[in-house]
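Biologist: Let us go through the side-chain contacts of this structure one at a time. Please reason each answer through before you name the result.

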Amino acid sequence: MNAMSNNAEAFLRRAEALATPAWAGALRRQGLDALAKSGLPTRRAEAYKYTDLSPIARAEFGAAPAALARPALPAPRGRARLVFVDGLLRADLSTLPPRPLSDAAAVLGTVENSAVTPVAALNAALAEDGMFLDIPAGEQAGLIELVSIVTEAAGPIAFHPRHVLRLGQGASVTLLETCQGPDGVAYLHNPVFEVVVGEGATCAHTRIQQEGGSAYFLSSVHARIAAGGTYDNFTLNAGAKLARNEIHAALEGPKAACHMNGAQLVGDGRHADSTTFLHHAAPDCASRQTYKTVLAGRSRGVFQGKILVSQAAQRTDGYQMNQALLLSEDAEMDAKPQLEIYADDVKCSHGATVGALDEAQLFYLRSRGIPEKEARAMLVQAFLTEAVDGVADETCRAALDEAVMGWWREMAA
Amino acid sequence: MLKIEGLTAEIDGKQILKGLDLEVPAGEVHAIMGPNGAGKSTLSYVLSGREGYEITGGSVTFHGKDLLAMEPEERAATGLFLAFQYPVELPGVGNATFLRTALNAIRRQRGEPELDAMQFLKLARGRMKELSMPEDMLKRGVNVGFSGGEKKRNEVLQMALLNPSLAILDETDSGLDIDALKIVSDGVNALRGPGFSALVITHYQRLLNYIVPDRVHVLVNGRIVKSGGKELALELEAHGYAEVAA
């Protein structure tokens with residue numbers, strides 16, 4: 001078919017001009033095929049009913065500049081860190097020797113929809129770099145930071161890092177990911193993670209998305225969790241003009257667990273979307289999801305969460321809660337929970353609420369001398385508590401609290 | 001200290017206060033008694049600045065300032081404290097954080113230095129001991145899962161920490177058993193002195209056995225219809241509002 005006929009034309013043309021690293025070959029072909037066939041989804045697609053990607057399809061993105069920038073980096077929070085600048089992994093700024101992605105061939109493109117969903121296909125077609133973290137069986141790797149920074153000088157670039165995280169049996173890691181960039185630059189960050197959690201392994205993944213106010217953030221995490229393993233994901237969507245964050249997780253062995261929590265802080269004129277897909281494929285697995293969205297000004301929030309329970313997944317214990325707090329009458333929240341259950345012995349619950357700040361609570365705080373702005377901030381933080389409390393690691397929690405306070409200060413200014 | 005003159009107020013177009021006059025001098029405890037619907041809670045909310053009430057006339061001066069022109073937080077910093085009839089639950093807000101934030105907000109507005117976490121804890125623990133409050137109430141969410149008595153004790157704890165010059169106690173006795181009533185009353189009595197006044201709003205005389213008022217006012221249909229000494233409360237209890245107010 002003529003690849004130039006669909007709305008991903010500009011991306012396809014760029015992909016043709018890219019040099020192909022050895023590791024990317026098969027993945028890129030899958031991505032290009034999917035993209036050429038379907039293009040970027042339009043709002044006619046059910047999964048994109050509430051999130052319009054046409055600004056991304058229409059935008060013109062450039063390649064990263066040849067000269068390597070040396071931007072100011074946030075202070076390290078741990079000993080090990082991998083740093084990406086303008087989409088490229090920078091060994092010179094990192095404190096952890098990265099493994100080449102060519103070593104991850106066995107994983108690339110194999111984890112739960114990681115080549116075929118539109119977000120992942122776009123990444124597969126254009127990925128040029130990424131990280132491969134391989135935690136061997138039994139190793140407790142502690143905290144590892146993954147930092148992505150876009151420099152002002154890079155301009156409106158598009159970058160599509162492909163990250164692979166593999167944990168051997170009984171291994172553990174805490175990954176703290178931060179994404180930042182300049183306001184006023186319409187760049188695209190399109191990261192995709194493939195996460196393989198081995199038997200009895202534990203992966204805690206905290207993501208703090210604070211991209212610039214004109215940026216686009218299209219991201220997906222694909223995780224496969226073996227028996228007795230745990231994958232915890234917390235995603236803070238606090239930046240970007242348009243952010244979509246997908247998680248696709250499969251519980252593949254008995255007694256595996258997955259926690260997906262998140263907070264979306266959406267300022268005036270912005271759009272944030274959290275979409276989850278959780279597949280209970282094995283018996284005796286537990287999943288928990290708590291998402292909280294705070295919407296200010298004229299903004300829009302989306303939560304779509306699907307739980308699929310296969311016939312084999314007896315004694316599944318699933319829970320999903322999604323709540324939104326509207327700080328303005330011009331804000332809008334769209335929520336779509338979905339349960340699809342084929343096993344008969346299953347406990348699965350879900351709920352959703354949308355509301356404004358409670359006037360009685362606000363008055364109570366003010367009557368104790370707390371100024372209105374501070375009282376509002378306290379109530380917003382309290383609203384987020386249930387989701388944020390899922391982050392057990394103190395360093396990650398502190399980073400999250402700072403990001404939430406930062407968002408609020410900007411909001412109140 | 002507090003002077004209310006000809007105060008009229010309405011909610012949703014319905015007039016509740018209809019020309020209320022009241023003066024509470026420094027150091028005095030006054031009780032306001034009245035039947036349901038007389039305007040007791042409206043008075044406490046109007047004085048503390050809750051939204052939704054429209055002031056249609058009259059004036060309220062507090063320490064010589066126009067109370068009605070102030071935001072609720074300014075009223076608190078000026079020395080006003082409302083002990084709620086139904087204290088609000090704040091899930092996700094720790095009681096210690098709440099109390100320290102409130103105390104420091106008031107100290108800041110008064111130009112006093114803020115307390116750090118250690119200084120605050122020392123102060124709070126002392127006050128809690130006096131009120132027979134278990135220390136774990138500091139760790140819990142504000143009023144979340146508190147019994148009726150615990151909520152009222154938490155109100156008195158806030159009052160003791162914020163050190164107001166005028167406390168309005170809105171039906172503080174409702175839902176309290178006799179032990180809790182005694183603890184709460186002791187908490188209020190401990191604050192009594194030349195710099196502390198209170199407006200005790202109550203339906204029943206019982207509370208006034210523990211917090212003995214200097215003056216008693218009868219509020220009926222949005223107005224003070226009768227004032228007297230503490231014996232007026234007993235008279236009301238014996239004969240009912242209709243007879244006394246007639």
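Modeller: The model is predicted. In chain B, the side chains of Asp136(B) and Arg140(B) meet in a salt bridge, at 3.8 Å from N to O.

Biologist: Is Asp136(B) buried, exposed or partly exposed?

Modeller: Buried means under 20% relative accessible area and exposed means over 50%, with partly exposed in between. The relative accessible area of Asp136(B) is 39%. Asp136(B) therefore counts as partly exposed.

Biologist: And into which class does Arg140(B) fall?

Modeller: The relative accessibility of Arg140(B) is 24%. Because the partly exposed class lies between 20% and 50%, Arg140(B) is partly exposed.

Biologist: Which parts of the chain does the salt bridge between Arg70(A) and Asp92(A) link, and how many residues apart are they?

Modeller: The side chains of Arg70(A) and Asp92(A) meet at 3.2 Å, N to O. Arg70(A) is in the loop between helix H3 and strand E1 of chain A, and Asp92(A) is in the loop between strand E2 and helix H4. The pair links distant parts of the chain, and the separation is 22 residues.

Biologist: What is the distance, N to O, in the salt bridge between Arg366(A) and Glu51(B), and where do the two residues lie?

Modeller: Arg366(A) lies in helix H5 of chain A, while Glu51(B) lies in the loop between helix H1 and strand E4 of chain B. The pair thus crosses between chains. Arg366(A) is buried, with a relative accessible area of 5%, whereas Glu51(B) is exposed at 59%. The distance from N to O is 4.0 Å.

Biologist: Which residues are linked with this pair in a network of salt bridges?

Modeller: The network includes Arg366(A) and Glu51(B) themselves. Linked with them are Glu372(A), Arg376(A), Glu71(B) and Glu73(B).

Biologist: Turning to the rings, how is the aromatic pair of Phe363(A) and Phe84(B) classed?

Modeller: The ring centres are 5.8 Å apart, and the angle between the planes is 55 degrees. Planes under 30 degrees apart count as stacked and those over 60 as edge-to-face, so an angle of 55 degrees falls in the remaining class. The pair is tilted.

Biologist: Are Phe363(A) and Phe84(B) buried or exposed?

Modeller: Phe363(A) has a relative accessible area of 6%, and Phe84(B) has one of 1%. Because buried means under 20%, each of these residues is buried.

Biologist: Over the face of which residue does Arg50(B) lie?

Modeller: Arg50(B) is 4.8 Å from the ring centre. The ring beneath Arg50(B) belongs to Tyr45(B).

Terms used:
Residues numbered from 1 in each chain as written. Chains lettered and ligands numbered in written order. Predicted model: local features only at pLDDT ≥ 70, side-chain atom pairs only at ≥ 80, totals over all residues. Heavy atoms only, no water. Phe/Tyr/Trp six-rings, centres within 6.5 Å; stacked < 30°, edge-to-face > 60°. Buried < 20%, exposed > 50% of the residue type's maximum accessible area, 1.4 Å probe, protein only. Lys NZ or Arg CZ within 6 Å of the ring centre and 35° of its normal. Helix = DSSP H or I, 4+ residues; strand = E, 2+ residues; numbered from the N terminus.
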